[in-house]
Amino acid sequence: MPTSIAERSIDDRPRRRAAGFTLIEVALVLLIISIVLALTIPRLRSVSRAELGAQARRLTNTFRFLRSEAILTGQICQLRYDLNRERYWVTVSDPGGESSAPLRAGGPLARGVSLESPVGISDIVLPESVGKVQEGQWLTNFYPDGTIDLTVIHIDNGTDAFTLWVNPLTGRLFLSPGYQEVDYGA
């Protein structure tokens with residue numbers, strides 16, 4: 001221990017810490033930011049996938065409802081699609097099939113369902129005379145005997161897809177993840 005001021009060395013004076021961050025501190029902050037981004041970005045993509053799944057299930061439920069409605073009312077119900085505007089709505093055909101009217105005036109299905117971007121109908125496969133369509137207005141008929149026109153609907157969000165198709169004789173619906181080609185064996 002020094003006994004006088006004269007014996008005190010330069011190294012004994014208090015040191016000041018240099019302003020700024022150490023390399024370890026910067027690396028730690030970058031690591032934390034990377035972990036937060038890695039956990040957040042997939043969740044942002046899953047919101048789009050969740051919306052796609054919700055819209056696909058909604059369309060499937062609309063098919064089920066229309067089949068039941070046609071059987072119960074004895075009328076031909078129609079699901080109409082406007083592929084250019086990414087929307088669909090429901091009508092009832094007159095017995096001759098010449099004209100149609102909204103299923104229930106003011107009902108949500110009569111007004112139509114618009115798909116919000118990025119979710120949309122990529123294409124619809126209709127009977128052989130029409131084939132695969134990607135634009136225009138089309139329809140699927142639901143008959144009082146429980147049968148449904150051959151229909152395959154592909155709905156997607158740009159990265160993921162669902163395929164909705166129906167067994168026309170039994171009316172059983174199938175909703176499959178991915179873009180599936182359905183062969184009706186015609």
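Two strands count as paired if DSSP finds at least two bridges between them. Keep that in mind for the views below, which come from a predicted model.

**View 1. Strands β9 and β10 lie side by side.** These two strands run antiparallel, and five bridges join them. Look for Val166, which stands opposite Leu173 in β10.

**View 2. Step back, and β9 and β10 turn out to be part of an open sheet.** Five strands make up this sheet, in the order β6-β5-β8-β9-β10, and their pairing is antiparallel. Which strands sit at the edges? They are β6 (132–133) and β10 (173–177), and each of them pairs on one side only.

**View 3. Here's the largest nonpolar core, with 28 residues.** The residues with the most contacts inside this core are Phe63, Leu79, Tyr81, Ile124, Phe142 and Ile153. Several elements chip in: α1, β1 (76–82), β2 (87–93), β5 (120–125), β8 (152–156) and β9 (161–166) each supply at least two residues. Which element gives the largest share? That's α1, with six residues of the core. As a general rule, nonpolar side chains tend to be buried together in soluble globular proteins.

**View 4. Zoom in on Tyr81 and the residues it touches.** Leaving aside residues up to four places away in sequence, Tyr81 touches Phe63, Arg87, Tyr88, Trp89, Ile124, Gly136, Gln137, Trp138, Leu139, Thr140, Thr151 and Ile153. Three names on that list, Phe63, Ile124 and Ile153, may look familiar: like Tyr81, they're among the residues with the most contacts inside the core.

**View 5. Now for the surface, where a nonpolar patch shows up.** Phe21, Val26, Val29, Leu30, Ile33, Leu37 and Ile41 form this patch, and together they have about 670 Å² of accessible area. Take Ile41, found in helix α1 (residues 23–73). Why does Ile41 count as partly exposed? Because its relative accessibility is 39%, and partly exposed covers the range between the cut-offs of 20% for buried and 50% for exposed.

**View 6. Finally, here's the chain as a whole, with two helices and 10 strands.** Starting at the N terminus, you'd trace the elements as α-β-β-β-α-β-β-β-β-β-β-β. Of the chain's 186 residues, 33% count as buried. The chain exposes about 12200 Å², with carbon and sulfur atoms supplying 57% of that area. As for contacts between residues at least 6 apart in sequence, 54% of them join residues at least 24 apart.

Conventions:
Residues are numbered from 1 along each chain as its sequence is written. This is a predicted model: local features need pLDDT of at least 70, side-chain atom pairs count only at pLDDT 80 or more; totals for chains, interfaces and linings use all residues. Side-chain values use heavy atoms; hydrogens and water are left out. Patches are made of residues with over 30% relative accessible area and no salt bridge: like charges are joined within 9 Å, nonpolar side chains (Val, Leu, Ile, Met, Phe, Trp, Tyr) within 5 Å. Accessible areas come from the Shrake-Rupley method with a 1.4 Å probe; for residues, only the protein chains shown count as cover. A salt bridge is a side-chain nitrogen of Lys or Arg within 4 Å of a carboxyl oxygen of Asp or Glu. Helices (H or I, at least four residues) and strands (E, at least two) are DSSP runs, numbered from the N terminus. Buried means under 20% relative accessible area, exposed over 50%, partly exposed in between (1.4 Å probe, protein chains only). A nonpolar core is a set of buried Ala, Val, Leu, Ile, Met, Phe, Trp, Tyr and Cys residues joined through side-chain atoms within 4.5 Å. Contact means heavy atoms within 4.5 Å.
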